[in-house]
Amino acid sequence: MSRTQSLSRTQRLLLALSLVLASPSLTSLRAQLLPEGHHDAVAVLPTSASNVLALPADQLAWFDGSDLWLEVPSQPARSLLHFAMPVFGSFTIAVDSSTLLFGESTTHGIWLVPLNATPPSQPIANVVFNYDAVLLTPGTALVSAKTGGFSTLDNEVIAVDLATGNTQMLAQLPGASGPIALASNGDLYYATSSLLFPTPPGSTTILRFRRAIVDQALAQNVVLGLPQAEVVFTGIDAAADLAIDDDGDLFFTDWWTNTIGELNDATGPTPWRTTFADYATTSVSASTVQFVAANTTAVLEPFQPEASMLCVHETAWGVTSQLRTVHAQSAIASCSVPNPVPTGPFTLQVAQGPANGFGLVAIAFAPSLGAMPLALPGFEAPLHWDTAMTNAFATWFVSFDAAGIAQLTLQNPGIAPVLSVLVQTAFVNAAGTQLGATLPLTVHLDT
């Protein structure tokens with residue numbers, strides 16, 4: 001099933017009406033949607049686009065009901081797979097750098113789709129009412145599917161051999177179709193979905209199957225159930241799609257509350273829930289989430305260096321379809337006087353910092369020696385602190401205003417020859433729960 005097919009026809013109608021009645025302004029979206037310490041960009045898609053997948057080199061795949069399209073920068077979109085009659089798309093995932101796996105729930109087909117059209121796309125399996133999928137190994141996909149039909153009490157997770165098309169039931173879990181995600185250590189995450197409408201508040205539970213249990217079940221042809229699952233978190237209203245980021249946070253699209261929720265440290269022993277994005281005052285809703293990792297030590301947390309990204313397919317059914325890419329956003333340090341700074345007063349400024357936060361400005365001798373990620377107790381994200389700052393010779397405390405700006409005015413007494421110093425600011429937000437640092441700023445003090 002597609003993300004919207006997991007809802008009844010009445011549910012989909014009510015959801016569409018709620019989106020139409022929401023505030024129609026998209027201009028306020030950027031300011032209200034994301035928490036501070038992030039920045040985003042939006043790519044407009046055809047209104048019928050669904051099952052959106054971001055690919056390397058800024059390529060994009062999406063399905064419009066008849067064709068699976070590939071968009072390459074500066075080139076016309078190209079059809080990878082065509083259906084003579086419209087079908088409901090369920091999922092699009094990457095198998096490797098040259099192949100996609102596509103599922104649809106009208107004829108229940110699962111297709112291997114090469115990006116270069118050679119060999120041609122081919123159906124490899126038939127999984128009834130397939131809904132979501134992850135790649136377990138290079139040759140095996142796991143598919144969440146309501147194989148018994150809408151009237152049955154359970155949903156299944158099916159292993160599909162991508163070479164032979166053979167299928168094997170891995171898990172059987174109560175409820176409607178639920179999304180799945182795979183953590184970096186191979187653990188499988190599953191979100192339950194209620195069969196009832198209206199959905200009882202807090203009826204969704206995030207479950208985890210350890211990778212060793214999954215591998216053993218596949219090897220021994222054992223079907224897993226609730227007794228083999230670990231409860232990660234309970235009390236969520238709905239979860240249509242899941243994505244796990246580079247430091248073990250789990251994002252989920254909650255269509256009932258029109259938010260993207262985040263289970264912080266979902267791969268750890270004590271996860272906690274926050275709202276990552278709230279669509280209550282927008283005219284679109286989050287449909288799916290996709291995490292795209294970057295080869296760096298930076299993580300997708302507020303005020304961190306820009307690296308990995310979260311891709312969110314947003315839609316107002318039949319009206320708007322777009323892809324929002326979300327990155328962490330570092331604070332920016334600047335100097336009021338261009339280098340070299342002459343004798344007299346000058347002001348150091350930090351912008352894009354935490355509103356009403358608190359910071360420490362440190363000055364050391366240049367040059368920069370490179371960032372050293374520091375894990376500090378009580379904070380989820382590391383502090384990217386330049387190694388040169390371990391020998392800082394001066395520090396000042398600063399406060400950030402409501403716009404996330406902090407300023408420090410200093411005096412250059414006049415130095416000959418020119419003295420090059422390195423300035424960096426570390427800070428915490430007003431709640432004391434998030435930290436960050438500017439990139440080092442080199443300032444040349446002159447006479």
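Buried means under 20% relative accessible area, exposed over 50%, and partly exposed in between (1.4 Å probe, protein chains only). The model is predicted, so to speak for the record: local features need pLDDT of at least 70, side-chain atom pairs count only at pLDDT 80 or more, and totals for chains, interfaces and linings use all residues. Residues are numbered from 1 along each chain as its sequence is written, and side-chain values use heavy atoms, with hydrogens and water left out.

**Exercise 1.** Sort Cys311 and Cys335 by accessibility, then count the disulfides.

*Solution.*
- Start with Cys311: its relative accessibility is 2%, so call it buried.
- Next, Cys335 sits at 23%, so that one is partly exposed.
- Now pair up sulfurs: a disulfide needs two cysteine sulfur atoms within 2.5 Å, and the count is zero.

**Exercise 2.** Describe the second largest cavity and its lining.

*Solution.*
- Get the term straight: on a 1 Å grid over the protein atoms alone, a cavity is a set of points where a 1.4 Å probe fits but cannot get out, and lining residues have an atom within 4 Å of a point.
- Then the volume, meaning the space filled by probe spheres set on the points (joined across faces, edges and corners): about 70 Å³ here.
- Thirteen residues line this cavity, and Leu348, Gln349, Val350, Val361 and Thr425 are the closest to its centre.
- Finally, split the lining by class: nine nonpolar (Ala, Val, Leu, Ile, Met, Phe, Trp, Tyr, Cys, Pro), no charged (Asp, Glu, Lys, Arg) and four polar (the others, Gly among them).

Conventions:
On a 1 Å grid over the protein atoms alone, a cavity is a set of points where a 1.4 Å probe fits but cannot get out, and a pocket is an open set with protein on both sides within 12 Å along at least five of seven lines; lining residues have an atom within 4 Å of a point.
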